[in-house]
Amino acid sequence: MQENGRAPADELATLLRGRRSIDLFEPKPVAASILLEAIDVARWAPNHRLTEPWRFYLLGPATRDALIDLAVEFETAAKGERVGAARRERLAAVPGFFVLTSRRSDEALLDREDYAACCCAAQNLILYLWQRGIGTKWTTGGITRQARFYELLGIDAAKEQVVGFFWYGVPKVIPTQTRRALTEVVTERP
């Protein structure tokens with residue numbers, strides 16, 4: 001560690017800037033222990049009133065296959081057989097999936113705060129996995145809003161809402177990206 005404390009901050013900045021959403025994965029599984037370590041880190045995210053609103057659903061082979069079938073069914077209905085078949089091939093190549101939900105609250109502000117806390121937990125988890133060489137894709141696609149998605153996972157939609165359907169594995173390709181200039185996203189007020 002440098003005297004001014006910059007080295008760890010620089011390493012963190014590099015991690016944050018380097019993380020990417022991954023669409024293509026190597027065909028090797030990720031040890032369940034690594035995912036559990038990431039979830040352990042995720043649960044230390046800030047959460048107002050210490051509600052710990054997150055729930056993680058790790059998908060075994062039967063649930064994974066059922067969700068792939070559901071995604072293919074919706075894709076085929078919307079875009080045709082060829083697109084549905086391509087969707088099946090793409091999803092079948094993903095080494096692992098998990099789902100993150102947020103508990104629901106009748107209090108609108110708490111519901112919003114809990115959802116935001118779950119997004120912070122997702123970022124913790126994603127960054128932990130990234131530094132371990134595991135890429136993710138966080139999706140909130142149409143399938144996650146289907147009643148059958150909730151049913152397949154045994155989630156009561158009145159008690160939990162899906163924050164994301166996550167794909168994970170060792171990246172095959174890491175895309176490059178840029179961001180808008182800082183001056184485009186920062187407004188200073190007197």
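I began with R20, whose side chain reaches the backbone oxygen of R17 at 2.8 Å. I then found a second approach, in which the R20 side chain reaches the backbone oxygen of P175 at 3.3 Å. I take a polar contact as a pair of N or O atoms within 3.5 Å; within protein, one must be able to donate a hydrogen and the other to accept it, and residues adjacent in sequence count only if both atoms are side-chain atoms.

I note that this is a predicted model, in which local features need pLDDT of at least 70, side-chain atom pairs count only at pLDDT 80 or more, and totals for chains, interfaces and linings use all residues. Residues are numbered from 1 along each chain as its sequence is written, and side-chain values use heavy atoms, with hydrogens and water left out.

**Entry: surroundings of R20**

I located R20 in the loop between α1 (6–18) and α2 (32–42); helices (H or I, at least four residues) and strands (E, at least two) are DSSP runs, numbered from the N terminus. I looked for a salt bridge (a side-chain nitrogen of Lys or Arg within 4 Å of a carboxyl oxygen of Asp or Glu). R20 has none although it is buried, and the nearest side chain of opposite charge, D23, is 11 Å away. For charge, Lys and Arg count as positive and Asp and Glu as negative, while His and the chain ends are not counted. Buried means under 20% relative accessible area, exposed over 50% and partly exposed in between (1.4 Å probe, protein chains only). Leaving aside residues up to four places away in sequence, I listed the contacts of R20 (heavy atoms within 4.5 Å) as W130, T136, I174, P175, T176 and Q177.

**Entry: aromatic pairs**

I searched the whole structure and obtained 6 aromatic pairs. Rings of Phe, Tyr and Trp (its six-membered ring) pair if their centres lie within 6.5 Å; planes under 30 degrees apart count as stacked, over 60 as edge-to-face and the rest as tilted. F98 and Y168 form a tilted pair, 5.9 Å centre to centre with 50° between the planes. Because F98 lies in strand β2 (residues 96–103) and Y168 in strand β4 (residues 160–169), this pair ties together parts 70 residues apart in sequence. F98 counts as buried at 1% relative accessibility, and Y168 does at 10%.

I next examined F149 and F165, whose ring centres are 5.6 Å apart with planes at 70°, so the pair is edge-to-face. F149 is buried at 0% relative accessibility, and F165 is buried at 6%. Ring pairs link F97, F149, F165 and W167 into a cluster.
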